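Q: Please pick one part of this structure and walk me through it closely. After that, I would like to see how its surroundings are put together.

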Amino acid sequence: MTDFFLDIFSWMSIGVIFIYPILIRRYLVTWKRLPEWQIPKNWQPKTSVSIIIPARNEENNIEACLQSILGLNYPAVLFDVIVVDDHSDDGTKMIIESFIEKFSKPGSPEIFLLPSKDLDGRGKKAALTSGISKAKGTLIVTTDADCIVPENWLNYLVSYFEDNNAAFIAAPVNFYQEKNLLEQFQSLDYMGMMLITGAGIHGKFGWMSNGANLAYPKTVFETLNGFLGVDHIASGDDMLFMQKVAERYPDQIGFVKSNNATVLSIAKPNWHSFLQQRIRWAGKTGAYRQPQLVFTQSLVFIYCAFIFLWIPLLFFSGWTRLWILAGMIAVKYLADYFLLKTASSFFGRKELMKIFPKAEWLHTIYIFLTGLSSMVKKKHVWKDRKVK
């Protein structure tokens, strides 16, 4: 019975070894076919924009975020900013109020604070919904309170929107100011995720996005009744809403491939907060409606799980199948290397490839742990709040 099980598991492992690099190659080829977005010559902005920023316990980050937005190279008369306080219990609200009082002056974009008492519910989706309901802009642009935006951010998003009549736009998010190996790992991992995001959107085989850098017309949000249908899931203000848009407007979804449209954020400072974040993300996988995306994420988890499962199984096989484990490690290493080398090169962070050998093991470990945890752990902590 043991030999039969090992034979089955061996063939499954070999299958995964063959499929994984094919999948990675598909993403790499599609990414290279995705053209880098350039603002059309002589383009002049016409679209009004409302930037929505949900903020919960962001007293250390919100001022820098707002400062970067005030530095945007976009006509002040064409955009406003709505910061939504999602029941913060630190100094976030006071800092926002002080910032508005200090920087609200003629010629500057309008900045509004939507206090917690005006929210219909709790959580990021409720905050976004409340903010969007007050928005005056034609195009809704979302980012997070711990982000820094580049000066031509809106120019790239809006020019793409106007040129493509887009119903949903995703754009890159990277980390910066890393202080340790864990934060460097997150930067490298995230750049790979951005490559996969852009390729999946361009090839229409993976609707992924990040709420820190999104844009969609307000009319689309209203037509689709916002987050209705996915509002019971803690996360998913990005990818789950994107799915709704894709079902109605599959040919009007795009990815702005450009460093000039890349929002910068801060990596999680420790393993606890990092794993909580990834468990929260993994918990929404069951709500995905795109089989190809579910297959991809399942395959990555299975691959990492098989690597760990082979270690105890080798004790039952007399080490005669060590070549399978070695093959799984080697193939994943090479496939991930080419993926991350391409991503880090595009985003101008080649130096992060120095930590790739360590990052590869960290990736395998965290995918395995978060995958398992998301199956058995239905509650987690986000911004000091327990959610399901």
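A: A residue is called buried when its relative accessible area is under 20%, exposed when it is over 50%, and partly exposed in between (1.4 Å probe, protein chains only). Happily, helix 4 is a good place to apply this: eight of its 11 residues are buried, so the helix is mostly covered. Helices (H or I, at least four residues) and strands (E, at least two) are DSSP runs, numbered from the N terminus. This is a predicted model, in which local features need pLDDT of at least 70 and side-chain atom pairs count only at pLDDT 80 or more, while totals for chains, interfaces and linings use all residues. Residues are numbered from 1 along each chain as its sequence is written, and side-chain values use heavy atoms, leaving out hydrogens and water.

Helix 4 spans residues 124-134. Its buried residues run from K124, K125, A126, A127 and L128 to S130, G131 and I132. Let's stay with S130 for a moment: it counts as buried because its relative accessible area is 8%. Leaving aside residues up to four places away in sequence, S130 touches L114, D118, L119 and D120 (contact: heavy atoms within 4.5 Å).

Helix 2 (residues 62-70) makes a useful companion, with I62, C65, L66, S68 and I69 buried. These residues lie on the same side of helix 2, because they cover an arc of only 155° around the axis (the arc is that of the directions from the helix axis to the C-beta atoms). The cover over the buried residues of helix 2 includes strand 1 (49-55), strand 2 (79-85) and helix 3 (92-103).

Between strand 2 and helix 3, the loop holds H87. H87 has a phi near 55°, which is positive although the residue is not glycine, and it counts as buried at 19% relative accessibility. N225 has a phi near 55° too, again positive in a residue other than glycine; N225 sits in the loop between helix 7 (218-223) and helix 8 (239-248).

C65, back in helix 2, is buried with a relative accessible area of 0%. The closest cysteine sulfur, in C147, is 6.5 Å from that of C65, so the two are too far apart for a bond. A search of the whole structure finds zero disulfides, taking a disulfide as a pair of cysteine sulfur atoms within 2.5 Å. C304 is another buried cysteine, with a relative accessible area of 0%.

Next comes strand 7 (residues 214-217), which is covered on both faces: L214 and Y216 are buried on one side, A215 and P217 on the other. Strand 7 pairs with strand 4 (residues 139-142) in the antiparallel sense over four bridges; two strands pair if DSSP finds at least two bridges between them. In that pairing, V141 stands opposite A215. Strand 5 (residues 168-170) also runs antiparallel to strand 7, joined by two bridges, and there I169 has A215 as its bridge partner.

Finally, the whole chain: it comes to 12 helices and 11 strands, and 58% of its 388 residues are buried. Its C-alpha atoms fill a box of roughly 75 × 45 × 40 Å, taken along the principal axes. Of the contacts between residues at least 6 apart in sequence, 83% join residues at least 24 apart.
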